[in-house]
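Visitor: Could you walk me through this one? I'd like to hear how each label is earned.
Guide: Sure, have a look first.

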Amino acid sequence: SDLGLIVKDGLVYSHSGLLYIPMGGTIRAALLQEVHDAPVGGHLGREKTYARLTAHVYWNGIYADVADYVKSCVSCAQSKARNHIAASMLRPLPIPSRR
């Protein structure tokens, strides 16, 4: 096709073999949730979520959608706030005057 997409077994793929996800429905949101909110190894931020997702699927505007999803994640925001508070409480130890 002119768009660089291939139809195979009723599904649409990019030339590199990524499954193309069309607009509409809830498939994109479900994929974002599945990849970002995974119980094991989830909530890894924008870049790692994007890398995991684009290893298998593609759609126009996928990077912006991942960025928006991660930015709206309550769990990530709470974790970031906890880490910031903990870091602000750190104080350097005094330098000892002798061994």
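Guide: Let's begin with a cut-off: a salt bridge is a side-chain nitrogen of Lys or Arg within 4 Å of a carboxyl oxygen of Asp or Glu. And keep in mind that this is a predicted model.

Visitor: Why is R28 said to have no salt bridge?
Guide: The nearest side chain of opposite charge, D65, is 4.3 Å away from R28. A salt bridge has to be within 4 Å, so the pair R28 and D65 doesn't make the cut. R28 is also buried, meaning its relative accessible area is under 20%.

Visitor: What does the side chain of R28 reach, then?
Guide: It's the backbone oxygen of I21, at 2.9 Å. That sits within the 3.5 Å limit, so it counts as a polar contact.

Visitor: Which residues does R28 touch, leaving out those up to four places away in sequence?
Guide: Y20, I21, P22, M23, W59, N60 and D65. D65 makes this list because touching only asks for heavy atoms within 4.5 Å.

Visitor: Where does R28 lie?
Guide: In helix 1, which covers residues 27-36. The buried residues of that helix are R28, L32, V35 and H36. Viewed down the axis of helix 1, they fall within an arc of 90 degrees, so they line one face of the helix.

Visitor: How many salt bridges turn up in a search of the whole structure?
Guide: One.

Visitor: What makes E47 and R46 a salt bridge?
Guide: Their closest N and O atoms are 3.0 Å apart. The limit is 4 Å, so this pair passes. As a general idea, side chains of opposite charge can pair when their charged atoms come close.

Visitor: Why is E47 called partly exposed?
Guide: E47 has a relative accessible area of 43%. Partly exposed runs between the 20% and 50% cut-offs, so the label fits E47. R46, with 40%, is partly exposed too.

Visitor: What is notable about phi of D9?
Guide: Phi of D9 is near 55 degrees, a positive value in a residue other than glycine. You'll find D9 in the loop between strand 1 (5-8) and strand 2 (11-14).

Visitor: How do you know whether D9 is buried or exposed?
Guide: D9 has 74% relative accessibility. Exposed means over 50%, so D9 counts as exposed.

Visitor: And what about H43?
Guide: Phi of H43 is near 60 degrees, again positive in a residue other than glycine. H43 is in the loop between helix 1 and helix 2 (46-53). At 33% relative accessibility, H43 is partly exposed.

How values were computed. Residues are numbered from 1 along each chain as its sequence is written. This is a predicted model: local features need pLDDT of at least 70, side-chain atom pairs count only at pLDDT 80 or more; totals for chains, interfaces and linings use all residues. Side-chain values use heavy atoms; hydrogens and water are left out. Buried means under 20% relative accessible area, exposed over 50%, partly exposed in between (1.4 Å probe, protein chains only). Helices (H or I, at least four residues) and strands (E, at least two) are DSSP runs, numbered from the N terminus. Lys and Arg count as positive and Asp and Glu as negative; His and the chain ends are not counted. A polar contact is a pair of N or O atoms within 3.5 Å; within protein, one must be able to donate a hydrogen and the other to accept it, and residues adjacent in sequence count only if both atoms are side-chain atoms. The arc is that of the directions from the helix axis to the C-beta atoms.
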